[in-house]
Amino acid sequence: MTTALITHPACLGHEPPPGHPERPERLKAVLDALSGDAFCALLRKKAPRARLGALARVHGRSYIKNVLAQIPLEGFAMIERDTGVSPGTREAALRAAGAVVHAVDLVMAGEARNAFCAVRPPGHHAEANRAMGFCLFNNIAVGAAHARAAHGLRRIAIVDFDAHHGNGTEQAFGADPDLFYASTHQSPLYPGTGKNPCEGHVLNLPLEPGAGSAAFRRAFLEVLLPRLRAFAPEFIFISAGFDAHRDDPLAQLKLDDADFAWATEEVCALAGEMCRGRVVSTLEGGYDLPSLARSVRAHVGAMLDA
Ligand SMILES: [Zn+2]
């Protein structure tokens, strides 16, 4: 069994206003990075559209309707301070959430050991009834809810190593004792949440600006991985943002490509022990194109080797 790569050309058609960091070129860089011989073993799949019912497990139906209604027929519109939308956004957002749903199905069917969703817009800031921070739908939360509803899984873990706290994901599942959300992120930094280290099955590991590899790996080794193991997950999701890289313009965590490979290896090894290697990862942030490309190569390479 191999690693599935799930994406869709429509995810390139979401075009926030010129100069916005969350731009189509990010996904082009990711797909180019995964096109070489080293990645010929990937099982390449096109993302389907998420169905309304799948989105509605996480988002209010009126929110879904309203957010899609705000997408303009031409040009672009800002639907909140940071989140721009264009005519291609509807299709991109539906495919981005649909990719994670499809990834879960592929892994549960045994067609892939694990899967990476190369999609945009990202999702982890999107709350049940609020678009935020470049995110419309919480792709990973929609995938996790699908894993439960469609496959009867109960204990689901989400590991989020994006430089920003995944406020939307924490909100979606924070109160659920069968869901474990663990996030390493820079603090202080947007969106300002995730300062409480630990609440129930939420594990926030805020890192200071400039933290670097050693502090990141220590947080994983000493806290995150032992807690993840104790939770005994049946399925692990990764919110894979690469804006913690030292070259990224939006954060200052100063990680290297090798840190993303290492974190991925550790999570996949734990999944191999505890849940048949079931891991679904989805792209969140990462705004410096060369380091994004290298980091994705490191991340997906580690998934292929798992
Ligand atoms: Zn981020």
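This text walks through a predicted model, from its sheet to its zinc site.

Start with the sheet. Nine strands make up an open sheet, and their pairing is mixed. The order across it is β2-β1-β5-β11-β10-β6-β7-β9-β8. At the edges lie β2 and β8 (198–199), each of which pairs on one side only. What holds such strands together? Strands of a sheet pair through backbone hydrogen bonds, either parallel or antiparallel.

Now take strand β1, residues 3–7. Of its 5 residues, 5 are buried, so the strand is largely enclosed by the rest of the structure. Its side chains go two ways. Thr 3, Leu 5 and Thr 7 point one way, while Ala 4 and Ile 6 point the other way. Buried here means under 20% relative accessible area.

Strand β1 has a neighbour on each side in the sheet order, β2 and β5. With β2 (residues 43–46), β1 runs parallel, joined by 4 bridges. Leu 5 has Arg 44 as its bridge partner in β2. How does the chain get from β1 to β2? The path goes through helix α1 (residues 24–33), and this β-α-β crossover is right-handed. On β5 (residues 114–117), the pairing with β1 is again in the parallel sense, over 4 bridges. There, Leu 5 stands opposite Phe 116.

Follow Phe 116 one strand onward. Its bridge partner in β11 is Ser 281. Strands β5 and β11 run parallel and are joined by 4 bridges. Is β11 (residues 279–283) mostly covered or mostly open? It is mostly covered, as 5 of its 5 residues are buried. Val 279, Ser 281 and Leu 283 point one way from β11. Val 280 and Thr 282 point the other way.

Next in the order comes β10. This strand (residues 235–240) pairs with β11 in the parallel sense over 5 bridges. Ala 240 in β10 stands opposite Leu 283 in β11. A helix belongs to this pair too. Strand β10, helix α8 (residues 257–274) and strand β11 make a right-handed β-α-β unit.

Further along the sheet are β7 and β9. Strand β7 (residues 179–186) and strand β9 (residues 202–207) pair in the parallel sense, with 6 bridges. Gln 186 has Leu 207 in β9 as its bridge partner.

Helix α9 covers residues 289–305. How far should its 17 residues span? At 1.5 Å a residue, the expected span is 24 Å, and the end C-alpha atoms are 24 Å apart, which agrees. Many residues of α9 are buried, among them Leu 292, Val 296, His 299 and Met 303. The turn of a helix helps in reading such a list. An α-helix has 3.6 residues a turn, so residues three or four places apart point the same way. The buried residues of α9 pack against β1, α1, β5, β10, α8 and β11.

Finish at the zinc ion. Which protein atoms are its donors? Asp 162 gives two OD atoms, His 164 gives ND1 and Asp 243 gives an OD atom. They lie 2.0 to 2.8 Å from the zinc ion. In sequence, the donor residues are spaced D-x1-H-x78-D. Both Asp 162 and His 164 are buried. Why is the arrangement irregular? The 4 donor atoms subtend angles of 52 to 153° around the zinc ion, which makes it so. To count as tetrahedral, four donors would need all angles between 85 and 135 degrees.

Definitions and conventions:
Residues numbered from 1 in each chain as written. Predicted model: local features only at pLDDT ≥ 70, side-chain atom pairs only at ≥ 80, totals over all residues. Heavy atoms only, no water. Donors = N, O, S within 2.8 Å, 3.2 Å for Na, K, Ca; no water. Tetrahedral: all angles 85-135°; square planar, octahedral: opposite > 155°, others 65-115°. Buried < 20%, exposed > 50% of the residue type's maximum accessible area, 1.4 Å probe, protein only. Helix = DSSP H or I, 4+ residues; strand = E, 2+ residues; numbered from the N terminus. Pairing = 2+ DSSP bridges. Right-handed = clockwise from strand over helix to strand, strands pointing away. Expected span 1.5 Å × (residues − 1). Contact = heavy atoms within 4.5 Å.
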